[in-house]
Amino acid sequence: MDREVDAVQRMQDYIKNHISEDITLLKLSEVACYSPWYSYRIFVKHTNMTVSKYIRSLRLSKAAVKLRDEDLSVTE
């Protein structure tokens, strides 16, 4: 189980560091050192959300902070 937690943490770190890029399950599975299917499964198990939902949530949070802290319109 600790290996799974470490793998999920590596995937989350990769997502945070590459949030503005296209992030594929294949790349996340390479980071996790598991198959794409198993990587997806343990990600959902330990975060209670799918990879795409996690990425979307992180992107929306970053956008909200940017809107709050900078003088930008929503379309920018």
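# Exercises on a predicted helical model

Right after helix α2 comes Cys33, and its phi is positive, near 65°. Keep in mind as you work that this is a predicted model.

## Exercise 1: the buried side of α2

Find out which residues of helix α2 are buried, and where they sit around the helix.

**Solution.**

Step 1. Go through residues 25-32, the stretch that makes up α2. Leu28, Ser29, Val31 and Ala32 turn out to be buried.

Step 2. Now look down the axis of α2. The buried residues fall within an arc of 155°, so they line one face of the helix.

Step 3. Ask what that buried set packs against. The partners are α1 (2-17), α3 (36-47) and α4 (51-69).

Step 4. Zoom in on Leu28. Setting aside neighbours within four places in sequence, Leu28 touches Met11, Tyr14, Ile15, Ile23 and Val51.

## Exercise 2: checking α4

Compare the length of α4 with what its residue count predicts, then sort out its buried and exposed residues.

**Solution.**

Step 1. α4 has 19 residues, and at 1.5 Å a residue they should span 27 Å. The C-alpha atoms at the two ends are 27 Å apart, which agrees.

Step 2. Pick out the buried residues of α4: they are Val51, Tyr54, Ile55 and Leu58.

Step 3. Check how they are spread around the axis. They cover an arc of only 100°, so they lie on the same side of α4.

Step 4. Turn to the face pointing away from that buried side. Here you'll meet the exposed residues Leu60 and Arg68. For Arg68 the relative accessible area is 62%, and over 50% counts as exposed.

Step 5. Finish with the packing: the buried residues of α4 sit against α1, α2 and α3.

## Exercise 3: who makes up the core?

Work out which residues touch the most other members of the largest nonpolar core, and which helices supply it.

**Solution.**

Step 1. The core holds 16 residues, and the ones that touch the most other members are Met11, Ile15, Ile23, Leu28, Phe43 and Ile55.

Step 2. Trace the core back to its helices. α1, α2, α3 and α4 are the elements that each give two or more residues.

Step 3. See who gives most: α1 has the largest share, with 5 residues.

Step 4. Link this to Exercise 1. Leu28 is on the list from Step 1, and its contacts include Met11, Ile15 and Ile23, which are on that list too.

## Exercise 4: aromatic rings

Locate the aromatic pairs and describe how their rings are arranged.

**Solution.**

Step 1. Searching the whole structure gives 3 aromatic pairs.

Step 2. Take Tyr34 and Tyr38, one of these pairs. Their ring centres are 5.0 Å apart and their planes make an angle of 65°, so with over 60 degrees as the cut-off the pair is edge-to-face.

Step 3. Check how open these two are. Tyr34 is partly exposed at 23% relative accessibility, and Tyr38 is partly exposed at 23% as well.

Step 4. Move on to Phe43 and Tyr54, also an edge-to-face pair, with 5.3 Å centre to centre and 80° between the planes. Phe43 belongs to α3 and Tyr54 to α4, so this pair ties together parts 11 residues apart in sequence. Both of these residues are buried.

Step 5. Look for a group: Tyr34, Trp37 and Tyr38 form one aromatic cluster.

## Exercise 5: salt bridges

Track down the salt bridges, and say where in the helices their partners lie.

**Solution.**

Step 1. Side chains of opposite charge can pair when their charged atoms come close. A search of the whole structure finds 3 salt bridges.

Step 2. Begin with Lys45 and Glu4, whose side chains meet at 3.0 Å, N to O. Lys45 sits in α3 and Glu4 in α1, so the bridge ties together parts that are 41 residues apart in sequence.

Step 3. Which of the two is buried? Glu4 is, with a relative accessible area of 11%, whereas Lys45 counts as partly exposed at 49%.

Step 4. Next come Glu30 and Lys27, with their closest N and O atoms 3.5 Å apart. Both lie in α2, 3 residues apart, or about one turn of the helix. Glu30 is partly exposed at 47%, and Lys27 is partly exposed at 33%.

Step 5. That leaves Asp69 and Arg68, where the closest N and O atoms are 2.8 Å apart.

How values were computed. Residues numbered from 1 in each chain as written. Predicted model: local features only at pLDDT ≥ 70, side-chain atom pairs only at ≥ 80, totals over all residues. Heavy atoms only, no water. Buried < 20%, exposed > 50% of the residue type's maximum accessible area, 1.4 Å probe, protein only. Helix = DSSP H or I, 4+ residues; strand = E, 2+ residues; numbered from the N terminus. Arc of directions from axis to C-beta. Contact = heavy atoms within 4.5 Å. Phe/Tyr/Trp six-rings, centres within 6.5 Å; stacked < 30°, edge-to-face > 60°. Salt bridge = Lys/Arg side-chain N within 4 Å of Asp/Glu carboxyl O. Core = buried A, V, L, I, M, F, W, Y, C linked by side-chain atoms within 4.5 Å. Expected span 1.5 Å × (residues − 1).
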